[in-house]
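Reader: I would be grateful for a close look at a single part of this structure, namely its sheet. Please set the sheet in the context of the chain and explain how it is built.

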Amino acid sequence: MQPRNMSMSGVVDLAAVKAAGEAKVKAEQARAESARQGGPAAVPPSSLVIDVDEAGFESDVLQRSAEVPVVIDFWAEWCEPCKQLGPLLERLAREYNGRFVLAKVDVDANQMLMQQFGIQGIPAVFAVVAGQALPLFQGAAPEAQIRETLDQLIQVGEERFGLTGIAVDQDAAGPDAAAQAPEAPAGPYDSLLEAAAQALDANDFAGAAQAYRNVLSDDPANSEAKLGLAQAELLARVQKMDPQQVRKDAAENPGDAQAQIAAADLDLVGGHVEDAFGRLVETVRRTFGDDRDRVRVRLLELFEVIGPDDPRVGAARTALARVLF
């Protein structure tokens with residue numbers, strides 16, 4: 001997930017943004033010009049999800065990325081996973097309310113864009129931030145993982161390039177917007193959450209995890225269930241470990257992703273939160289490809305165990321963003 005300065009001859013020209021420093025200057029210049037002209041106008045919610053082709057890529061993606069991160073969804077009508085991922089990304093784009101814009105690219109109609117991004121399979125999701133292309137993930141990832149990735153992307157946009165998103169004019173949504181809004185999740189879930197907590201206390205980690213999943217199937221944003229599920233899954237993993245062997249493997253194999261993941265689980269259960277986070281951030285830095293992604297996902301899971309408001313999570317998120325981007 002390192003930034004790419006992509007040469008896209010014949011489609012778009014990224015020669016002017018060869019480095020993040022140059023991209024930052026361009027983003028700052030674009031914002032200054034916008035401010036000189038009175039500031040950017042608020043956009044309607046419909047502008048948060050756009051269809052993009054090769055002809056419009058320069059203006060719709062590259063230029064816009066000087067104001068807001070642009071997430072690109074490469075899809076095709078025949079792709080079944082795309083039919084699951086696409087609506088999820090569209091819903092998140094509206095939910096994030098201007099923190100990023102979703103650009104949808106039909107690969108059948110835009111073969112050159114697909115080739116220039118080096119896409120081997122779809123769905124594939126990239127981002128462009130101040131002219132910098134960043135590969136995010138390929139395939140239909142879980143919603144929780146996608147949210148974490150988007151949060152990191154937005155954080156990088158803010159910290160490195162000062163991109164704070166675009167204003168959205170909710171009044172422009174139209175009179176039918178309220179009728180189209182998703183229904184509030186059913187509830188309450190007190191009995192299910194209580195049953196899950198009792199299962200945890202009884203060391204029935206599988207039963208606890210299932211109870212939390214039952215809540216999340218109806219209410220994916222339920223923070224108590226997300227925290228409980230992360231804890232139950234962590235305790236289930238650690239229960240099967242030989243701590244001495246895990247520590248030995250991690251010490252002898254600092255570049256082994258799975259060995260470091262297992263040791264980080266033990267660190268966290270033992271109360272060594274910063275050690276767990278630091279171990280995995282360092283392993284992300286050392287690894288590549290599937291190993292790197294596996295470590296990153298485990299780190300995000302451990303964030304859920306501690307909770308998003310803990311300052312140690314915030315510090316680790318920043319460290320992870322520096323390593324990834």
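Author: In this predicted model, among contacts between residues at least 6 apart in sequence, 71% join residues at least 24 apart. The chain that holds these contacts has 325 residues, of which 46% are buried. About 15,900 Å² of the chain is accessible surface, and carbon and sulfur atoms account for 49% of that area. In secondary structure, the chain comprises 14 helices and 5 strands.

The sheet itself is open and has 5 strands, arranged in the order β1-β3-β2-β4-β5, and the pairing is mixed. The edges are taken by β1 (49-51) and β5 (132-138); each has a single partner strand, so one side of each lacks a neighbour in the sheet. On average, and with direction ignored, neighbouring strands of this sheet are turned by 25° against each other.

As general background, the strands of a sheet pair through backbone hydrogen bonds, in either a parallel or an antiparallel manner. At the edge formed by β1, the partner is β3 (residues 101-106); the two run parallel and are joined by 3 bridges. Within this pair, Ile50 stands opposite Ala103 in β3.

A helix also belongs to this picture. Helix α5 (residues 143-161) packs on the sheet, where α5 touches β2 (70-75), β4 (124-129) and β5. The direction of α5 makes about 170° with that of β5. Thus β5, an edge strand with a single partner strand, is also among the strands touched by helix α5.

Note on methods. Residues numbered from 1 in each chain as written. Predicted model: local features only at pLDDT ≥ 70, side-chain atom pairs only at ≥ 80, totals over all residues. Heavy atoms only, no water. Pairing = 2+ DSSP bridges. Helix = DSSP H or I, 4+ residues; strand = E, 2+ residues; numbered from the N terminus. Axes fitted to C-alpha atoms, helices over the stretch in contact; angles between N-to-C directions. Contact = heavy atoms within 4.5 Å. Buried < 20%, exposed > 50% of the residue type's maximum accessible area, 1.4 Å probe, protein only. Areas by Shrake-Rupley, 256 points an atom, 1.4 Å probe, with all protein chains shown as cover.
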